[in-house]
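Student: I have a protein model open on my screen and I am not sure how to read it. Could you walk me through it?

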Amino acid sequence: MKVFRIMQAATGAILWSGSALDPLAALDAMARAAGFRDRTRIPNHLRAGGLHVEELRA
């Protein structure tokens, strides 16, 4: 597994970091950690300005 960080692009706020297989799986994991079913349920106010998924390197 890889380690990802998800940031709100407009503000630079870090929303989540953790392990996932790929960027889409990271978005799903972030959504589940916040109590949503998957990335399609992430509220629009969090999506505003875009979400940036970055793979962290050791």
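Tutor: Let's go from the whole chain down to two single residues. Keep in mind that this is a predicted model.

Student: Where do I begin? How many helices and strands are in the chain?

Tutor: Begin with the regular elements and then their order. Here the chain has 2 helices and 3 strands. Starting at the N terminus, they follow one another as β-β-α-α-β. The radius of gyration is 11 Å, close to the 10 Å that the globule rule gives for 58 residues, so the chain is as compact as a globular protein of that length.

Student: And what box do the C-alpha atoms fill?

Tutor: Along the principal axes, that box is roughly 30 × 25 × 15 Å.

Student: What share of the residues counts as buried?

Tutor: For burial, we look at relative accessible area, and under 20% means buried. In this chain, 24% of the 58 residues fall in that class. As for the surface, the chain exposes about 3,800 Å², with carbon and sulfur atoms supplying 54% of it.

Student: What about charges? How many positive and negative side chains does the chain have?

Tutor: You can count each kind and then compare where the two sets are centred. The chain has 8 positive and 5 negative side chains, and the centres of these sets lie 4 Å apart.

Student: Now a single residue, please. Is Met 30 buried or exposed?

Tutor: Find its element, then its accessibility, then its neighbours. Met 30 sits in helix α1, which spans residues 23-33. Its relative accessibility is 6%, so Met 30 counts as buried. Leaving out residues up to four places away in sequence, Met 30 touches Ile 6, Leu 15, Trp 16, Ile 42 and Leu 51. Take Ile 42: it is 12 residues from Met 30 along the chain, and their C-alpha atoms are 9.0 Å apart.

Student: Can we try a polar residue too? Which side chain makes a polar contact with the side chain of Gln 8?

Tutor: It is the side chain of Thr 11, at 3.1 Å. A polar atom of the Gln 8 side chain also lies 3.2 Å from the backbone oxygen of His 45. Gln 8 belongs to strand β1, residues 2-8. With a relative accessible area of 12%, Gln 8 is buried.

Student: Which residues does Gln 8 touch, not counting those up to four places away in sequence?

Tutor: They are Ala 13, Leu 15, His 45, Leu 46, Ala 48, Gly 50 and Leu 51. Leu 15 and Leu 51 appear for Met 30 as well, so look for them on your screen.

Notes:
Residues are numbered from 1 along each chain as its sequence is written. This is a predicted model: local features need pLDDT of at least 70, side-chain atom pairs count only at pLDDT 80 or more; totals for chains, interfaces and linings use all residues. Side-chain values use heavy atoms; hydrogens and water are left out. Helices (H or I, at least four residues) and strands (E, at least two) are DSSP runs, numbered from the N terminus. The radius of gyration is taken over C-alpha atoms; the globule rule is 2.2 Å times the number of residues to the power 0.38. Buried means under 20% relative accessible area, exposed over 50%, partly exposed in between (1.4 Å probe, protein chains only). Accessible areas come from the Shrake-Rupley method with a 1.4 Å probe; for residues, only the protein chains shown count as cover. Lys and Arg count as positive and Asp and Glu as negative; His and the chain ends are not counted. The place of a charge is taken as NZ of Lys, CZ of Arg, CG of Asp or CD of Glu. Contact means heavy atoms within 4.5 Å. A polar contact is a pair of N or O atoms within 3.5 Å; within protein, one must be able to donate a hydrogen and the other to accept it, and residues adjacent in sequence count only if both atoms are side-chain atoms.
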